[in-house]
Amino acid sequence: MSDKVPYLDLPAQIRGIRKEIDVAIARTVDNCSFCLGPDVAQFEKDFAQFCGAQHALGFNSGTSALHVALRLLNVGPGDEVITTPYTFIATSWAISYCGAKPVYVDIDDATFNLNPKLIEKAITPRTKAVLPVHLYGHPFDVDPILEICRKHKLPLVEDAAQAVGAKYKGKNVGTLGDISCFSFYPAKNLGACGEGGALVTNNSAFAARAKSLREHGSTQRYHHDEVGYNYRMEGFQGAVLGVKLKYLQKWNEERRRVAKRYMELLAATPLQLPRKADHAESAWHLYTVRHPRRDEFKIFLDDNGIGNAVHYPIPLHLQKCYAHLGHKPGDFPVAEKAAREVLSLPIFPELTDAQIQRVATVIKDFFK
């Protein structure tokens, strides 16, 4: 069926920059700089500059970066970290890896992000940090959360895994909390050819310790100051990301074009479309719509060759791995309703207007 529209078209992105990627990877091979090395160092410098931050450190994944972020804040057994039940599970993993407890707070119905109005009620003497997510590329409402953090002397860690290039009140996400973490999973707006992540901070002491923790807790070879990890970024990923970073702003603009076109074409349908808050400039990592008949809608799109995905079908408090927290259905009703209703449509920089029209036509056919 020639009028199929893929959910994501990574080959199209790679085709456009293949020669540059080949040159960058060949350089890494020639230098034999496979773990960290000059390509990673250059990417770290460029990425810090892109974010408007003093320090960026390359990691082998966004999950590892989040784990180390919480280690920098000395989060440990018996501690609690306030976070969202509605995101990819890696956010909660970072808390669990430290032996701490994820404390969930429900989300805002319009943006899917942590609801600032509910945070204070969740704070206890054991609360060690607040860890919200800029979900789907849409910045969470930073100022009210920062105000709560300052009042209770709590650090704010931004999970910016999905939001590279997004802005909050004109400022890049990644520079708004004490520490921020990014993911460069291949499907992200800025994706590696494999796994990758970054930790970003303006705190020099945090940066120095993070650098040590990602390399076996070592600042000098074979001298280990504390228990560390093998969380280094590979040279290949630094090389690839260095090439792609130059295109990121353009690619994000293309995503905004796609989102705007969907808004125009789908405005009259019964779908709940993404709502952008006044404070936000989304990176449009995902274009996620909602409808009570989501499962039926999904099957219809599948049958008509329209790529789609569910982000996320089971909120974290109802995952089997967190059964020990004792949550039950109904504890976070907004997150649970979102999990039943959401569906992500194709959005990527290379999506043509004809493909967008095709998606819209099929959607309108479903509601006829």
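## Exercises on packing and backbone geometry

His 216 is partly exposed, with a relative accessible area of 34% (buried means under 20% relative accessible area, exposed over 50%, partly exposed in between, with a 1.4 Å probe and protein chains only). The structure is a predicted model, in which local features need pLDDT of at least 70 and side-chain atom pairs count only at pLDDT 80 or more, while totals for chains, interfaces and linings use all residues. Residues are numbered from 1 along each chain as its sequence is written, and side-chain values use heavy atoms, with hydrogens and water left out.

**Exercise 1.** Place His 216 and Lys 153 in the fold, and describe the phi of each.

*Solution.* Begin with His 216, which sits in the loop between H7 and E10 (helices, H or I of at least four residues, and strands, E of at least two, are DSSP runs numbered from the N terminus). Although His 216 is not a glycine, its phi is positive, at about 60°. Turn next to Lys 153, which belongs to the loop between helix H6 (142-151) and strand E5 (157-159). Lys 153 is likewise a residue other than glycine, and its phi is near 55°, a positive value. Because its relative accessibility is 75%, Lys 153 counts as exposed.

**Exercise 2.** Identify the buried residues of helix H7 and the elements they pack against.

*Solution.* Take the helix, residues 204-213, and select its buried positions: these are Phe 206, Ala 207, Ala 210, Ser 212 and Leu 213. Then follow their contacts (heavy atoms within 4.5 Å), which lead to helix H3 (62-72) and to the strands E1 (55-59), E8 (179-183), E9 (197-201) and E10 (218-220).

**Exercise 3.** Locate Arg 256, and state whether Arg 256 is buried or exposed.

*Solution.* Arg 256 is found in helix H9, and because its relative accessible area is 16%, Arg 256 is buried. In H9, whose residues are 248-266, the buried set also includes Leu 248, Trp 251, Tyr 262 and Leu 266. Once residues up to four places away in sequence are set aside, Arg 256 touches Gly 165, Glu 281, Ser 282, Ala 283 and Trp 284.

**Exercise 4.** Classify the packing of H3 with H4, and of H10 with H12.

*Solution.* H3 and helix H4 (residues 90-97) meet at an angle of about 40°, and their axes are 8 Å apart (axes are lines fitted to C-alpha atoms, for helices over the stretch in contact, and angles run from 0 to 180 degrees between N-to-C directions). That angle makes H3 oblique to H4 (under 35 degrees is roughly parallel, over 145 roughly antiparallel, 65 to 115 roughly perpendicular, and the rest oblique). Thr 63, Leu 66, His 67 and Leu 70 of H3 make this contact with Ala 90, Thr 91, Trp 93, Ala 94, Ile 95 and Tyr 97 of H4.

For helix H10 (residues 294-303) and helix H12 (residues 353-366), the angle is about 130° and the axes are 10 Å apart, and H10 and H12 are therefore oblique to each other. Here Glu 296, Phe 297, Phe 300 and Leu 301 in H10 meet Val 362, Ile 363, Asp 365 and Phe 366 in H12.

**Exercise 5.** Determine the geometry of the peptide bond from His 311 to Tyr 312.

*Solution.* Omega is near 15° for this bond, which is cis, and Tyr 312 lies in the loop between H10 and helix H11 (333-341).

Note on methods
The expected span of a helix is 1.5 Å times one less than its number of residues.
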